[in-house]
Structures are given as structure tokens and as C-alpha cells.
Amino acid sequence: MNSTILKGSAMAALSYVLWGFLPLYWHLLLPVGSFHILAYRIIFSLVFVAAALLFQRKRAWLRHFLDPKKRFRIIAGSLLITFNWGLYIWAVNSGHTIEAALGYFINPLLSVMMGLLFFREKLKPLQWCAFGLACAGVGLVTAFSGTFPWISICLALSFGFYGMVKKTLSFDALEALAAETLAALPIAAFLLAFPFPGGQGFSDLAALPRFRVLVIPLAGPVTA
């Protein structure tokens, strides 16, 4: 196994470990409301990543919007990840954490299928065996849940297609995240301006306990 595969496997494993702990953070923000948490996640992710890129003296990511093809892909990726983030936050804070987790268990299987269908990648016999076992596991969990896993499927599809869009973009991961959150900024502004039941916009932050107000900006580094 070459170093690239080892590095990629380690990064993928670490990603899923981090995502496994992520519900604990969203639960801390439960009184804020899912739509407004999503807005804060977009805003503070943009602030954090843009600051990191500025520190690294990287400004080229803004020029990607000048290319019509890249701009379309950035916006498409932005819409997909915004939907994915929002549904995940809502699922966790609405008592559907298991369904959300199942979605991210289905996602790698969907990514494998996309690699086979769209990028002409191939699996070795042992990889096919692992793929088959994982599919069987998903089938069993779904069957015993007793309900149609629409949350899981929507999370898996949105994140899978988001990954496929990002694979077609040839710039740095932080630059991509900065561009996507910048494209999603109007959505965040709308979500904060709209009075969703049970949620707080900027004007209602004063009513929250100080601890929760201080924790909200961590959505940026937590995401990045």
C-alpha cells in the first residue's frame, strides 16, 4: 500500500472520528434553533477560514468566482453542503442522531458507487467483499429501524454529490471551503433575519446564557 493511500485512509478515518463527536457540540447550541445554528456555522466558518488564508497570504480563491464553470461548481457545492449541514444539525437536535449517523455510514458506500460509475475506478476482490458487508450492515440497520430512513438517505446523497463536485475542483480544501461559505453567505443572512420559531438571530443573542454565546463562534474552527 503506497503512502498516498495510507494518508488518504488516515484522513478519512480521522474525519469520521471528528464527525462522531460533532453531535455533542451541536447539542450545546440546542436553545439557539437549528436554522440559526446553520447560519452561524456558515458565517464563522467563512471568518475562520478566510482569516487562515489571509495569514497564509492566499488570496487566489476569490478569483475562482470569475471563472463561470468554477463559479457554477462552487455554488452547486455550496448549496449541497448547506443543505447537508442544516439537515444534520436539525436531525441531531431533534432526536434523530441515529438516523443522521446512518446517513454518514451510507455515504462512503455511495462514494464508492460514484467512483465506480463516474470516475471509472475499480475495486479489488477484498474491497468488493468489504463493500458487500457494509451494504448488508446498512440493510439490516434500515430493516430493524422500522421506518423509511429519509434523513439518512438525504444526508448521504447530499454529501456524496458534494464530494463529487469537489473532486472536479482543483484547488486547496481550505480555499474551497472559503469559497463555498462565501457563496452561502446570503443564505445565512436570510436565516438570521427570518424569525424561525424557537431560534435566535443576532438580535436575540443577549437572551442566551453567556456560555452559549461564547460557544457559538466555535462553529467556525469546529467545521474547518
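The legends below describe an overall view and several close-up views of one predicted model.

Residues are numbered from 1 along each chain as its sequence is written, and side-chain values use heavy atoms, with hydrogens and water left out. Because the model is predicted, local features need pLDDT of at least 70 and side-chain atom pairs count only at pLDDT 80 or more, while totals for chains, interfaces and linings use all residues.

**Figure 1. Overall view of the protein chain, with ten helices and zero strands.**
Helices (H or I, at least four residues) and strands (E, at least two) are DSSP runs, numbered from the N terminus. Along the sequence the pattern reads α-α-α-α-α-α-α-α-α-α. The radius of gyration is 19 Å, close to the 17 Å of the globule rule for 224 residues, so the protein chain is as compact as a globular protein of that length. This radius is taken over C-alpha atoms, and the globule rule is 2.2 Å times the number of residues to the power 0.38. Along the principal axes, the C-alpha atoms fill a box of roughly 60 × 45 × 30 Å. Of the contacts with a separation of 6 or more, 83% join residues 24 or more positions apart; contact means heavy atoms within 4.5 Å. Buried residues make up 38% of the 224, where buried means under 20% relative accessible area, exposed over 50%, and partly exposed in between (1.4 Å probe, protein chains only). The accessible surface comes to about 13100 Å², and 73% of this belongs to carbon and sulfur atoms. Accessible areas come from the Shrake-Rupley method with a 1.4 Å probe; for residues, only the protein chains shown count as cover.

**Figure 2. Close-up of the aromatic pair Y88 and Y104.**
Ten aromatic pairs are counted in the model. Rings of Phe, Tyr and Trp (its six-membered ring) pair if their centres lie within 6.5 Å; planes under 30 degrees apart count as stacked, over 60 as edge-to-face and the rest as tilted. Y88 and Y104 are edge-to-face, at 5.1 Å centre to centre and 85 degrees between the planes. Y88 belongs to helix 3 (residues 68-93) and Y104 to helix 4 (residues 97-118), so the pair ties together parts that are 16 residues apart in sequence. Both residues are buried. One aromatic cluster is formed by Y16, W19, Y88, Y104, F159 and Y162.

**Figure 3. Close-up of R41 over the ring of W85.**
The charged end of R41 is 4.2 Å from the centre of the W85 ring. A charge sits over a ring if NZ of Lys or CZ of Arg is within 6 Å of the ring centre and within 35 degrees of the ring normal.

**Figure 4. Close-up of R57 and H64 in the loop between helix 2 and helix 3.**
Helix 2 spans 34-55. R57 is a residue other than glycine with a positive phi, near 60 degrees. R57 is exposed, at 71% relative accessible area, whereas H64 is buried, at 11%. Not counting residues up to four places away in sequence, H64 touches K70, R71, I74, F171 and E175.

**Figure 5. Close-up of the cysteines C129 and C135.**
A disulfide is a covalent bond between the sulfur atoms of two cysteines. Here it is assigned to a pair of cysteine sulfur atoms within 2.5 Å, and the count is zero. The sulfur of C129 has its closest cysteine sulfur in C135, at 11 Å, which is too far for a bond. C129 is partly exposed, with a relative accessible area of 44%, and C135 is partly exposed at 33%.
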